[in-house]
Amino acid sequence: MDAELFPRERTQVAPGAVHVPDWLDPDRQRELVDACRAWARPPAGLRTVRTPGGGTMTARQVCLGWHWYPYGYARTVVDGDDAPVKPFPEWLGELGRRAVRDTLGAPDGEPEAAYDIALINFYAAEARMGMHRDSDEKADAPVVSLSLGDTCVFRFGNPETRTRPYTDIELRSGDLFVFGGPSRLAHHGVPKVQPGTAPPELGLTGRLNITLRVSGR
Ligand SMILES: O=C(O)CCC(=O)C(=O)O
């Protein structure tokens with residue numbers, strides 16, 4: 001039995017930034033892992049991202065809709081096999097809009113966000129992601145982040161600096177994190193993954209993160 005003594009609660013981490021534990025049920029998590037496996041296949045599959053300074057990101061990545069590279073967007077994998085980026089499925093956009101409605105509520109008199117970018121990050125045991133802002137988009141719609149597999153420490157900071165103040169949150173398989181409004185450009189990162197913590201029935205070794213954004217393009 002692995003039920004929590006006290007269930008984890010939905011938390012507003014900062015204005016416009018909300019963590020919802022267990023938002024995805026186990027069946028939905030499995031469906032998303034299967035989808036990620038298909039998206040990860042070449043062409044335009046999972047790749048190692050090289051940064052302009054000559055380094056590499058330890059989390060490997062595949063994109064849907066628009067291809068993100070440091071630091072811009074393209075329709076083909078300009079820093080990889082040059083293949084057209086895989087399409088962004090409508091059902092994933094609907095999942096993103098539901099995530100925003102469930103956390104931040106329906107936008108006042110404005111149309112709901114038309115999600116058109118997914119970044120799928122795969123973290124093996126030693127992978128992490130440095131503090132950064134999601135600032136290559138031309139739209140200010142909230143970012144939706146879904147976690148699958150191993151638990152990680154997710155560091156959520158502030159828009160001004162890559163350093164303190166920040167809050168460390170444990171993101172587990174099935175958790176949702178949404179950040180918009182005054183937190184849309186907050187720095188965030190993943191300093192640690194806890195290997196071997198994925199739910200065994202998910203059949204995933206490591207951690208997957210699905211980040212949904214609106215390009216505004
Ligand atoms: O893996 C995560 O939870 C964060 C991913 C992220 O920050 C990004 O893709 O920009």
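**View 1. Val-18 stands opposite Val-178, a residue of strand E11.** In this predicted model, the two valines belong to a stretch in which strand E2, residues 17–20, and strand E11, residues 176–179, are paired in the antiparallel sense over 4 bridges. Helix H2, which spans residues 90–103, packs on the sheet, and the direction of this helix makes about 75 degrees with that of E11. Besides E2 and E11, helix H2 touches E3, E6, E13 and strand E8, the last of these running over residues 143–149.

**View 2. An open sheet of 7 strands is arranged in the order E1-E2-E11-E8-E13-E6-E3.** The pairing within this sheet is antiparallel. Strand E1 (11–14) and strand E3 (60–64) stand at the edges and have a single partner strand each, so one side of each is left without a neighbour in the sheet. Direction ignored, neighbouring strands of this sheet are turned by 20 degrees against each other on average.

**View 3. A second open sheet is formed by 4 strands in the order E7-E12-E9-E10.** Here too the strands are joined by antiparallel pairing, and the edge positions are taken by E7 and by strand E10 (167–171), each of which pairs on one side only. Neighbouring strands of this sheet are turned by 25 degrees against each other on average, when direction is ignored. Between E7 and E12 the antiparallel pairing extends over 2 bridges, and the bridge partner that Met-129 finds in E12 is Val-190.

**View 4. The ligand is surrounded by residues that include Met-129 and Val-190.** Also around the ligand are Asn-121, Tyr-123, His-132, Asp-134, Phe-154, His-188, Arg-207, Asn-209, Thr-211 and Arg-213. By class, this shell has 4 nonpolar, 5 polar and 3 charged residues. At least two residues of the shell are supplied by each of strand E6 (117–123), strand E7 (129–132), strand E12 (188–194) and strand E13 (207–213), and the largest share, 4 residues, comes from E13.

**View 5. Side chains of Tyr-123, Asp-134 and Arg-213 approach oxygen atoms of the ligand.** For Tyr-123, an N or O atom of the side chain is 2.5 Å from an oxygen atom of the ligand, while for Arg-213 a polar side-chain atom lies 3.0 Å from a ligand oxygen atom. In the case of Asp-134, an N or O atom in the side chain is 3.3 Å from an oxygen atom of the ligand. On its own the ligand has 290 Å² of accessible area, and the protein covers 98% of this area.

**View 6. The loop between helix H1 (26–40) and E3 holds Pro-43 as well as Ala-44.** The peptide bond that leads from Pro-42 to Pro-43 is cis, with an omega near 0 degrees. Ala-44, although it is not a glycine, has a positive phi of about 55 degrees.

**View 7. A cis peptide bond joins Pro-70 and Tyr-71.** The omega of this bond is about 0 degrees, and Tyr-71 has its place in the loop between strand E4, which covers residues 67–69, and strand E5, which covers residues 72–74.

Definitions and conventions:
Residues are numbered from 1 along each chain as its sequence is written. This is a predicted model: local features need pLDDT of at least 70, side-chain atom pairs count only at pLDDT 80 or more; totals for chains, interfaces and linings use all residues. Side-chain values use heavy atoms; hydrogens and water are left out. A residue is near a molecule or strand if one of its heavy atoms lies within 4 Å of it. A polar contact is a pair of N or O atoms within 3.5 Å; within protein, one must be able to donate a hydrogen and the other to accept it, and residues adjacent in sequence count only if both atoms are side-chain atoms. Accessible areas come from the Shrake-Rupley method with a 1.4 Å probe; for residues, only the protein chains shown count as cover. Ala, Val, Leu, Ile, Met, Phe, Trp, Tyr, Cys and Pro count as nonpolar, Asp, Glu, Lys and Arg as charged, and the others, Gly among them, as polar. Two strands pair if DSSP finds at least two bridges between them. Axes are lines fitted to C-alpha atoms, for helices over the stretch in contact, and angles run from 0 to 180 degrees between N-to-C directions. Contact means heavy atoms within 4.5 Å.
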